[in-house]
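Subject: Structure for your review

Dear colleague,

Please find below the structure I would like to hand over to you. My findings follow directly after it.

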Amino acid sequence: MSTQNHTLAALVLILGLTGCGPVAVYHRAGVDVARRDTDLLTCEVSALRDAPVATQIRQHPPIFRPGQDICRSGHCYHHPGYWEDGGIYTVDANADLRERVERACMAEKGYQTVAVKRCPQSVADAVGTRRSATLSALTENSCAIARRGQSPQIVETAP
């Protein structure tokens, strides 16, 4: 995978987490949304099988807080330094590989990963729960509605 694709994926992830940036979508014009969702599920399962979750427990290095001399009203004392725990965290060592396997699987099925601008809330409200059955060609007026627990929906706004 090229550096440009990694940069785009990182940007989409960061902006997606903020809730105001573009939405990453698997897209292939003319395909049924249900077909895309089935293909995605197949690729997700395949990626999970080929690159299973590999949780690793890691620890940030401890931090030494140096001591200091404290003087008040002519009386001085030395406050000794101490070590502070760096904290323990977990990572999935296969997360990036699993994502690459999924993207490759979807690419083999003819899908592209595209970043589509997020629709204004007024557009999302107007569309409501209606969902299109087919992925249309992307235009300058395309935008995506991302709803929790659903694949993003691409709609066309008025120019």
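The cavity search returned one cavity of 30 Å³ or more. This result, like everything that follows, refers to a predicted model. The volume of the largest cavity is about 70 Å³. Its lining consists of His27, Val33, Arg36, Arg131, Ser132, Thr134, Leu135, Ser136, Pro152, Gln153 and Ile154. By class, four of the lining residues are nonpolar, five are polar and two are charged. Helix α2 and strand β10 (153-156) each contribute at least two residues to this lining. As to the background of such a search, rolling a probe the size of a water molecule over the atoms shows where empty space is left.

Arg36, one of the lining residues, also takes part in a salt bridge. Its side chain meets that of aspartate 37, with a distance of 2.9 Å from N to O. Are these two partners buried or exposed? Arginine 36 is buried, at a relative accessible area of 2%, whereas aspartate 37 is partly exposed, at 29%.

In total, the structure contains six salt bridges. The general principle is that side chains of opposite charge can pair when their charged atoms come close. Besides the pair just described, two others may be of use to you.

The first of these to mention joins arginine 35 and aspartate 39, whose closest N and O atoms lie 2.8 Å apart. How far apart are arginine 35 and aspartate 39 in helix α2? The two residues are four positions apart in helix α2 (residues 33-50), so about one helical turn separates them. Arginine 35 has a relative accessible area of 43% and is therefore partly exposed. Aspartate 39, in contrast, is buried, with a relative accessibility of 7%.

The other pair is aspartate 92 and arginine 98, for which the closest N and O atoms are 2.2 Å apart. You may wish to note this value when you look at the coordinates. Aspartate 92 is partly exposed, its relative accessible area being 23%. Because its relative accessible area is 15%, under the 20% limit, arginine 98 counts as buried.

Helix α2 also holds leucine 41. This leucine has a relative accessible area of 51%; since the limit is 50%, leucine 41 counts as exposed. The C-alpha atom of leucine 41 is separated by 9.5 Å from that of glutamate 102, and the two residues are 61 residues apart along the chain.

Turning to the strands, β4 (residues 68-72) and β5 (residues 75-79) run antiparallel and are joined by five bridges. Together β4 and β5 form a hairpin, with two residues between them. Serine 73, in the turn, has a positive phi of about 50°. Arginine 72 stands opposite histidine 75 of β5.

Finally, some values for the chain as a whole. The protein chain has four helices and 10 strands, and their order along the sequence is α-β-α-β-β-β-β-β-β-α-β-α-β-β. Of its 159 residues, 25% are buried. Among contacts in the protein chain with a separation of 6 or more, 67% are between residues 24 or more positions apart.

Yours sincerely

Methods: Residues numbered from 1 in each chain as written. Predicted model: local features only at pLDDT ≥ 70, side-chain atom pairs only at ≥ 80, totals over all residues. Heavy atoms only, no water. Salt bridge = Lys/Arg side-chain N within 4 Å of Asp/Glu carboxyl O. Buried < 20%, exposed > 50% of the residue type's maximum accessible area, 1.4 Å probe, protein only. Pairing = 2+ DSSP bridges. 1 Å grid on protein atoms, 1.4 Å probe; cavity = no way out; pocket = protein on both sides within 12 Å on 5 of 7 lines; lining within 4 Å. Points joined across faces, edges and corners; volume = space filled by probe spheres on them. Nonpolar A, V, L, I, M, F, W, Y, C, P; charged D, E, K, R; others polar. Contact = heavy atoms within 4.5 Å.
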